[in-house]
Structure formats: C-alpha cells, structure tokens
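Here is a short report on one protein chain. It starts with a single residue and works outward to the whole fold.

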Amino acid sequence: MKKCFISIAAFIMLSCMASSPQQSLQSRLFGTWAASGDEVAVFQIDKDSLYYIDEDPIVAISYQFAGDSMSLDYWGNTIVQHISFRKDTLVMKNKLGEVNCFVPVK
C-alpha cells in the first residue's frame, strides 16, 4: 500500500513540475531568427521582449503570450501572431491569414 501511495505521489509531483505546452511553445521562440531562405537576422526574442535587429537604436518590444498566440504593441498597433513550428522553422500567421516563416540563426 505504501509503495502505491509513494508511486502516485511521485507521479503527481512530476506531472505538476512538467512544463505546460504553452511554456514549451514560448520557450522555443527564444533566440535569433532570420526569414526562411535568408541568413540575415531579423529579430531576437527573449522571455519578455522582441527586438528588431535592423532598427537603430534597437528597441525592446514587450509581448504577451496566450495559448498559441503572441501579441505585441508595435508603435501603437497591436499585432497578434498565431505561432507554430514545422521542425525548427517558426511559422507566424496573422489575423489576415498572411504567413511568415523564420529559421533560427546559429
């Protein structure tokens, strides 16, 4: 009986410690990205900001992550992107259905 209880308690603790799918998806965003088919970095994402690398000066743009969407306020405009991945390619789709693909810069 004790072994069963300990096994169940351990399973519950491990389940609670596992990252949620949203955290996993968001953490895959972290890094520097280039347009698919290009090697020039376009933007970088960290835990709370997005940076367009070609802007001078580089400005941090905060974002919020909910479900599988990222929303950011860019110069007074709210931009919402549906986020998904095809292998290591980041796929961003906006509310108009426009799709942009990005690859990680190593």
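Which residues does Asp 88 touch, not counting residues up to four places away in sequence? The model is predicted, and in it Asp 88 touches Arg 28, Trp 33, Phe 102, Pro 104 and Lys 106. One of these partners, Phe 102, sits 14 residues from Asp 88 in sequence. In space, the C-alpha atoms of Asp 88 and Phe 102 are 8.8 Å apart. Asp 88 belongs to the loop between E6 and strand E7, the latter spanning 89-94.

**Two residues compared**

Gln 81 is part of strand E6, residues 77-86. Is Gln 81 buried or exposed? Gln 81 counts as buried, because its relative accessibility is 12% and the cut-off for buried is under 20%. Asp 88 has a relative accessibility of 38%, so it counts as partly exposed. That class lies between the limits of 20% and 50%.

| Residue | Relative accessibility | Class |
|---|---|---|
| Gln 81 | 12% | buried |
| Asp 88 | 38% | partly exposed |

**Around Gln 81**

What does the side chain of Gln 81 reach at 3.5 Å? It reaches the backbone nitrogen of Lys 93. Lys 93 also appears among the contacts of Gln 81, once neighbours within four places in sequence are left aside. The other residues in contact with Gln 81 on that basis are Asp 68, Ser 69, Met 70, Met 92 and Asn 94.

**The barrel**

How do the strands run? Eight strands form a closed barrel in the order E1-E2-E3-E4-E5-E6-E7-E8. Their pairing is antiparallel. On average, neighbouring strands of this sheet are turned by 35° against each other, with direction ignored.

One pairing shows the detail. Strand E3 covers residues 49-52, and strand E4 covers residues 60-66. E3 and E4 pair in the antiparallel sense over three bridges. Tyr 51 has Ala 60 as its bridge partner in E4.

**The whole chain**

The protein has two helices as well as eight strands. Along the sequence, the pattern reads α-α-β-β-β-β-β-β-β-β. How many residues does the protein have, and what share counts as buried? There are 106 residues, and 23% of them count as buried. Gln 81 counts as buried too.

Contacts can also be sorted by separation. Taking those with a separation of 6 or more, 28% join residues 24 or more positions apart. The protein exposes about 7,600 Å². Carbon and sulfur atoms supply 59% of that area.

Key. Residues numbered from 1 in each chain as written. Predicted model: local features only at pLDDT ≥ 70, side-chain atom pairs only at ≥ 80, totals over all residues. Heavy atoms only, no water. Helix = DSSP H or I, 4+ residues; strand = E, 2+ residues; numbered from the N terminus. Buried < 20%, exposed > 50% of the residue type's maximum accessible area, 1.4 Å probe, protein only. Polar contact = N/O pair within 3.5 Å; in protein donor to acceptor, adjacent residues only side chain to side chain. Contact = heavy atoms within 4.5 Å. Pairing = 2+ DSSP bridges. Axes fitted to C-alpha atoms, helices over the stretch in contact; angles between N-to-C directions. Areas by Shrake-Rupley, 256 points an atom, 1.4 Å probe, with all protein chains shown as cover.
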